[in-house]
Amino acid sequence: LLGVPIPKRRLVHLRFGAANRDPEVFPDPGRLDPRRRNAGAHMAFSQGEHHCLGAPLARQEMKLAFEMLLERWDSIALSVPEQALEYVPSFTLRALRALPLRFRATH
């Protein structure tokens, strides 16, 4: 696999979460950028026959939640520098320990 020999009958664990961090697909893959030209190319809901049946509902819930937030707040920003964000150690997910935000109410 890409020049690495895999012995016969050895277990190979594929981690599709790493696909979301491929610098050939996502420039600066460690940075959250919802305006990225290919932001929808992530693997959050898997692909093909394994595509999550609940993906359309989850997307609709996210859309409604963001619409409600944006109606009530003029400004939403990180309250710490991006470099200060901490991630939970995990082989399968890339999850923040916390997302400290600063809000300014709509007048």
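Start by colouring the chain by pLDDT: this is a predicted model, and the chain averages a pLDDT of 86, with 98% of the residues scoring at least 70. Now pick out two of the strands. E2 has the highest mean pLDDT among the elements of the chain, at 92, while E3 (residues 95-96) has the lowest, at 88.

Next, go to the N-terminal part and select Leu2. This residue sits in the segment before H1. Show its surface and you will find Leu2 exposed, because its relative accessible area is 85%, and the cut-off for exposed is over 50%. Keep Leu2 selected and add Gly54, 52 residues away along the chain. Draw a distance between their C-alpha atoms and you should read 34 Å.

Now for the surface patch. Select Met62, Phe66, Leu69, Leu70, Ile76, Tyr87, Leu96, Leu99, Leu101 and Phe103: together they make a nonpolar surface patch of about 860 Å². Which element gives the most to the nonpolar patch? Colour helix H1 and you have it: H1 supplies four residues. Then highlight residues 55-72 for H1 and 101-105 for strand E4, since each of these two elements supplies at least two residues of the patch.

Finish by zooming in on one member of the patch, Tyr87. You will find Tyr87 in strand E2, which covers residues 87-88. Is Tyr87 exposed or partly exposed? With a relative accessible area of 31%, Tyr87 is partly exposed, because that value lies between the 20% and 50% cut-offs.

Methods
Residues numbered from 1 in each chain as written. Predicted model: local features only at pLDDT ≥ 70, side-chain atom pairs only at ≥ 80, totals over all residues. Heavy atoms only, no water. Patch = residues over 30% accessible without salt bridge, like charges linked within 9 Å, V, L, I, M, F, W, Y side chains within 5 Å. Areas by Shrake-Rupley, 256 points an atom, 1.4 Å probe, with all protein chains shown as cover. Salt bridge = Lys/Arg side-chain N within 4 Å of Asp/Glu carboxyl O. Buried < 20%, exposed > 50% of the residue type's maximum accessible area, 1.4 Å probe, protein only. pLDDT = per-residue confidence, 0-100.
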